[in-house]
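Here is my note on the model you sent. The points go from terms to confidence, then to the sheet and one residue in it.

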Amino acid sequence: MAQRSCDRHKNLQMIPSSLESSGGAVSGHVCPVPGCGRHHAEDGYFDLADGKPVREEKRLKEKITLAADEILRMLRAKAGT
Ligand SMILES: [Zn+2]
């Protein structure tokens, strides 16, 4: 397997690892630095949160937060406060 270094720690080799993705387990690399946890797979570098790539998760959370704010605003307007 090809050697891969972390994009935040260019002098460090990442550890070959099996990564979970939406399409199942894929072979990739994980940065050994505590607090970094950078992952690399076929489609590039990413971080994981709760076992999912952060970039997708983040967008979804922002959408949910926006929707929740909107509902709160409507409820407050109805309550007349
Ligand atoms: Zn790193």
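1. A term first: two strands count as paired if DSSP finds at least two bridges between them. In this predicted model, Glu20 stands opposite Ala25 in S2. In the same way of reading, Leu19 has Val26 of S2 as its bridge partner.

2. On confidence: the mean pLDDT of the protein is 84, and 89% of its residues reach 70 or more. Strand S3 (residues 39-41) has the highest confidence, with a mean of 91, while strand S6 (residues 52-53) has the lowest, at 73. Where pLDDT is low, predicted coordinates should not be read in detail.

3. On the overall make-up: the protein has 6 strands and 1 helix. Read from the N terminus, the order of elements is β-β-β-β-β-β-α, with the helix coming after the strands.

4. On burial and contacts: 9% of the 81 residues count as buried. Among contacts in the protein with a separation of 6 or more, 19% are between residues 24 or more positions apart.

5. On the sheet: it is open and made of 4 strands, in the order S1-S2-S3-S4, with antiparallel pairing. Strand S1 (15-21) and strand S4 (44-46) are at the edges; each has a single partner strand, so one side of each has no neighbour in the sheet. From one strand to the next, the twist averages 40°. As background, strands of a sheet pair through backbone hydrogen bonds, either parallel or antiparallel.

6. On the S1 and S2 pair: how many bridges join S1 and strand S2 (residues 24-30)? There are 7, and the two strands run in the antiparallel sense. The connection from S1 to S2 is a hairpin of 2 residues. Glu20 with Ala25 of S2 and Leu19 with Val26 of S2 are the facing positions to look at in the viewer.

7. On Val26: is this residue of strand S2 buried, exposed or partly exposed? Val26 has 14 other C-beta atoms within 10 Å, and is therefore partly exposed, since a buried residue needs 20 or more and an exposed one has 12 or fewer.

8. On the surroundings of Val26: leaving aside residues up to four places away in sequence, Val26 touches Leu19, Ser21, Ala41 and Glu42. One of these, Leu19, is also the bridge partner of Val26. Another, Glu42, is 16 residues from Val26 in sequence, and the C-alpha to C-alpha distance between the two is 8.4 Å.

Key:
Residues numbered from 1 in each chain as written. Predicted model: local features only at pLDDT ≥ 70, side-chain atom pairs only at ≥ 80, totals over all residues. Axes fitted to C-alpha atoms, helices over the stretch in contact; angles between N-to-C directions. Contact = placed C-beta atoms within 7 Å. pLDDT = per-residue confidence, 0-100.
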